Amino acid sequence: MLESSLPSPCYLIDQSRLKENLSLLDDLRQRSGCRILFSQKVFSSFPFYSMISRFLDGTAACSAYEAQLAHLYFHGENHICQTAYLPEEFEQIVSICDHITFNSPSQLQKYAGLAHANSCSVGLRVNPEYVSQNVDAFDPCAPCSRLGTTLKQFPMQQRRQINGLHVHALYEQNADQLGYLSAALVEKFGAFLPEMEWINLGGGHSLTRNGYQLDTLEQIIAVFQKKYGLKVYLEPGEAVVWEAGYFITTVVDIIDNGMPIAILDASASCHAPDITEFHYRPPLIGADKPSVLPYTYRLGGRSCLAEDIFGDYSFSQPLEIGQRLVFKDMAINTLTKARMYTGMPMPAVAVREPDGDCRLLRSFSFGDYKNRF
């Protein structure tokens, strides 16, 4: 078993699957002429940056720290788009970033001059007011959003300072939704596109999932390239590490309160917060949906948080204390969001090499918890 030699709990990154995803993205770059940036917020694990940079054009940061990490460990363009920049961090940002995108006209007015003086390409994040999500809280284009500049707010007097437009409004969606978003973008901001050098179509594109409409995507890219003469950027994050990570856990107790409940040595709330925040249900090796197989268990984390539940799964055999369980597709938003809330220890981090061997990269101790302050 791939997890037998590793500690529990542990994040395990599959290098071979990571390379498969990167190769697909590299092929897309070569065919379409677009540029692909790695959105670090999904997986800011710098030991893998050297590998990723061999296939992609650069990185996309949403904070000064992410930009610094890319500057140190990633070979390629360094883009940043932040909701608001602070004066004390901006001088360093202009010294390490190639492209700086502003979220509002006021931030553009305040900092664009310094960005241009340091030979940075300047962008403005726009909001085409196209709603594509079912929940407003997760949609950057929802009414009253703080993200992006609407057409009504567009800074006409400063338009010569803008080299490119940036739009981000998708989340794990197919190219048909990008088509609708692009149509809304052209309807609202098409008059400005001939003046621009580039356009960034953001992330949220599930490029490496089976069934993604790559032909449609390439047609959309071609329109911006040929009709408007723009350099086209995409900045996927989840597509880079899609199905490239496992999360190894162990059953440490089994109780019964209306149904069998297995307590794991990990925490969904602390170690995989997309499960509790977005109701993500990770695949579990050897398990199925509730009641499909003979034995159904609720898998709970060992924190004191009531919501700390991995989910309900069914198994062909009863679970036992000490049994290891391995969740799949757990690279996305796990290491980047993991926390030690309530003193919960951090899982170890390991890599599975192409030859199948597993190597421990990092483990954590009480000192990591104590030294947060």
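Here are four short exercises on a predicted model, each with a worked solution.

**Exercise 1. Helices α4 and α5**

Work out how α4 and α5 pack, and which residues meet.

Step 1. Locate the helices. Helix α4 covers residues 87-96, and helix α5 covers residues 105-117.

Step 2. Take the geometry. Their axes are 10 Å apart, at an angle of about 30 degrees.

Step 3. Classify the angle. Angles under 35 degrees count as roughly parallel, so α4 is roughly parallel to α5.

Step 4. Add the handedness. The crossing of α4 past α5 is right-handed.

Step 5. List the residues. From α4 come Pro87, Phe90, Glu91 and Val94. They meet Lys110, Tyr111, Leu114 and Ala115 of α5.

Step 6. Sort this contact by class. It has six nonpolar residues, two charged and no polar.

**Exercise 2. The pair Phe90 and Phe102**

Decide whether the rings of Phe90 and Phe102 are stacked, edge-to-face or tilted, and find what the pair ties together.

Step 1. Set the scene. The model has 21 aromatic pairs.

Step 2. Check the ring centres. Those of Phe90 and Phe102 are 6.1 Å apart, and the limit for a pair is 6.5 Å.

Step 3. Check the planes. They stand at 35 degrees, so the pair is tilted.

Step 4. Place both residues. Phe90 lies in helix α4, and Phe102 lies in strand β5 (residues 99-102). The pair therefore ties together parts that are 12 residues apart in sequence.

Step 5. Test burial, for which the cut-off is under 20%. Phe90 has 1% relative accessibility, so Phe90 is buried. Phe102 has 0%, so Phe102 is buried too.

Step 6. Widen the view. Phe90 and Phe102 belong to one aromatic cluster with Tyr85 and Tyr111.

**Exercise 3. The pair Phe224 and Tyr228**

Describe how the rings of Phe224 and Tyr228 are arranged.

Step 1. Compare the rings. Their centres are 6.2 Å apart and their planes are at 35 degrees, so this pair is tilted.

Step 2. Place the residues. Both lie in helix α7 (residues 214-228). They are four residues apart, about one turn of the helix.

Step 3. Test burial. Phe224 is buried at 2%. Tyr228 is buried at 14%.

**Exercise 4. Tyr369**

Find where Tyr369 sits and what is in contact with Tyr369.

Step 1. Place Tyr369. It is in helix α10 (residues 366-370).

Step 2. Judge exposure. The relative accessible area of Tyr369 is 28%, so Tyr369 is partly exposed.

Step 3. Look beyond neighbours within four places in sequence. Tyr369 is in contact with Met340 and Gly343.

Step 4. Compare sequence with space. Tyr341 is 28 residues from Tyr369 in sequence, and their C-alpha atoms are 9.3 Å apart.

How values were computed
Residues are numbered from 1 along each chain as its sequence is written. This is a predicted model: local features need pLDDT of at least 70, side-chain atom pairs count only at pLDDT 80 or more; totals for chains, interfaces and linings use all residues. Side-chain values use heavy atoms; hydrogens and water are left out. Helices (H or I, at least four residues) and strands (E, at least two) are DSSP runs, numbered from the N terminus. Buried means under 20% relative accessible area, exposed over 50%, partly exposed in between (1.4 Å probe, protein chains only). Contact means heavy atoms within 4.5 Å. Axes are lines fitted to C-alpha atoms, for helices over the stretch in contact, and angles run from 0 to 180 degrees between N-to-C directions. Angles under 35 degrees count as roughly parallel, over 145 as roughly antiparallel, 65 to 115 as roughly perpendicular and the rest as oblique. A crossing is left-handed if the near helix is turned anticlockwise from the far one by less than a right angle, and right-handed if clockwise. Ala, Val, Leu, Ile, Met, Phe, Trp, Tyr, Cys and Pro count as nonpolar, Asp, Glu, Lys and Arg as charged, and the others, Gly among them, as polar. Rings of Phe, Tyr and Trp (its six-membered ring) pair if their centres lie within 6.5 Å; planes under 30 degrees apart count as stacked, over 60 as edge-to-face and the rest as tilted.
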